[in-house]
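Reader: I've got a structure open and I'd like to learn how to read it. Can you walk me through a few features?

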2 protein chains.
Amino acid sequence: MSRYKCIISYDGNQFSGYQVQPNKRTVQSEFEYALQKMHKGEQIKIISSGRTDATVHALGQVVHFDSPLSIPVEGWRKALNSMLPEDIRVRSVDTVEPDFHARFDVKAKEYRYRLLISDESCVFKRQYTYHYPYPLNLHAMKEAAFSLAGTHDFTSFCASKTEVQDKVRTIYQIKMEKQGDELILSFIGNGFLYNMVRIIVGTLLEVGNGKRDAKEMESILTAKNRSLAGKTAPGQGLYLWQVFYEEWQK
Amino acid sequence: MSRYKCIISYDGNQFSGYQVQPNKRTVQSEFEYALQKMHKGEQIKIISSGRTDATVHALGQVVHFDSPLSIPVEGWRKALNSMLPEDIRVRSVDTVEPDFHARFDVKAKEYRYRLLISDESCVFKRQYTYHYPYPLNLHAMKEAAFSLAGTHDFTSFCASKTEVQDKVRTIYQIKMEKQGDELILSFIGNGFLYNMVRIIVGTLLEVGNGKRDAKEMESILTAKNRSLAGKTAPGQGLYLWQVFYEEWQK
């Protein structure tokens, strides 16, 4: 029996999120179904670094599973890709120690959010970006983002329907970069609460359009009250970009 | 009654092509349905620069229609976009002379073909590029492309099921450009036969991978025989990029 770690990407549009749900098409169920076909009907469970919501994409989600099959890693990658639907791709497979755990061993994650900031929307990017056609004060957004970096209780930036008790997280780095007609926001942290990145992006947009002042961020954090932060930005702009299993270093 | 010219873009994936077909979702039928809603149920026919096939995209397709409604052009654009499905967008609307004709007045068209030439496929580009993971000799492809530029009888590069008699067309310019992990082929010509760009791309790929010699292109043209050219490249890499109503000048 060997343990395998896979880096996978998926297009979130046609999935009801990552995690198995009855009668829904999910990334986990499609992946486990592919494994089942490779194991003559035997069910093989996969563990991911964490779930993602409906329409949210992943460039570098990580999953692990155990298998008795002895196949070289490149063979695993090809076999899985031949079994999987086109909107999930296995980018790499590695053998790992039997105690490697895709969720418990996570040291940091990077999420990216793609904003299409042109006047015109784009049919080719509609499922992969959030179109925001209004003027944005990037300077104010950077100032606001700066106050979120570091270790904080992010209760105000967490969807209220969550079971997690400890809402203290550390954001190591927030970057904003214009790339053509897009504004890419990157967040690297030791963990992210439910909807945290999407609520942060929604709030930063309200700073960018002048509805809020950049200085509000600190009082929003202190209040620990979700209703003080901005709207949750849509899922289709969000990407789980990469998962780090070693301490993150700039 | 005024005549309007619209530049529209569409994501070809969810359409059975441009042209109306019974019980199929097409760009023309969606557009005419949007116009019908704006005209209290009256049917308004649109004329395009030409049809595109299933899965083929358009960045700058052009259509015209006549309407008794007096709406400013920006109002037309917004109204149409509010009525149209998300995978068709009106980029601009202009009033034109009553004798403007979106098909008959075409002077030139540009098609582009996007090849994803990385080893790995990409879930986010699978519907917008053709993934070609094998090594390509770009120099040989350029040489082959060069022999296609100019005025030729393109019978060998035209799908056999076509009604067009005169298969002489002029390609003004063929360009190949690497952009990141993509190879973009651009074709500007006075007109293109059925599947012509896709057959040219398919043949150029066979030159690029060494299956054919670049020098074969001339004998393929001379033979006027479709079976001598290469495979038809898939539709999802092809874009009707722009339509010119003035003589094309480099």
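Author: Sure. Keep in mind that this is a predicted model. Let's start with burial: of the 250 residues of chain A, 38% count as buried.

Reader: And how do I judge a single residue, say B:Phe104: is B:Phe104 buried or exposed?

Author: You count neighbours. A residue is exposed if 12 or fewer other C-beta atoms lie within 10 Å of its own. B:Phe104 has 9 C-beta neighbours inside 10 Å, so B:Phe104 counts as exposed. You'll find B:Phe104 in the loop between strand E4 (88–96) and strand E5 (108–116) of chain B. From B:Phe104 to B:Ser67, 37 residues away along the chain, the C-alpha distance is 20 Å.

Reader: Back to chain A. How many helices and strands does chain A have?

Author: Chain A has 5 helices and 10 strands. Its radius of gyration is 19 Å, close to the 18 Å that the globule rule gives for 250 residues, so chain A is as compact as a globular protein of that length. Along the principal axes, the C-alpha atoms of chain A fill a box of roughly 60 × 40 × 35 Å.

Reader: What share of the contacts in chain A with a separation of 6 or more comes from residues 24 or more positions apart?

Author: That share is 72%.

Reader: Last one: how many residues of chain A are in contact with chain B?

Author: 14 residues of chain A are in contact with 14 residues of chain B. Strand E1 (2–10) and strand E4 (88–96) of chain A are the elements that give two or more residues to that side of chain A. E4(A) gives the most, with 3 residues. By type, the chain A side divides into 7 charged, 5 nonpolar and 2 polar residues.

Note on methods:
Residues are numbered from 1 along each chain as its sequence is written. Chains are lettered from A and ligands numbered from 1 in the order in which they are written. This is a predicted model: local features need pLDDT of at least 70, side-chain atom pairs count only at pLDDT 80 or more; totals for chains, interfaces and linings use all residues. Two residues are in contact if their C-beta atoms, placed from the backbone, lie within 7 Å. Helices (H or I, at least four residues) and strands (E, at least two) are DSSP runs, numbered from the N terminus. Ala, Val, Leu, Ile, Met, Phe, Trp, Tyr, Cys and Pro count as nonpolar, Asp, Glu, Lys and Arg as charged, and the others, Gly among them, as polar. The radius of gyration is taken over C-alpha atoms; the globule rule is 2.2 Å times the number of residues to the power 0.38. A residue is buried if 20 or more other C-beta atoms lie within 10 Å of its own, exposed if 12 or fewer, and partly exposed in between; C-beta atoms are placed from the backbone.
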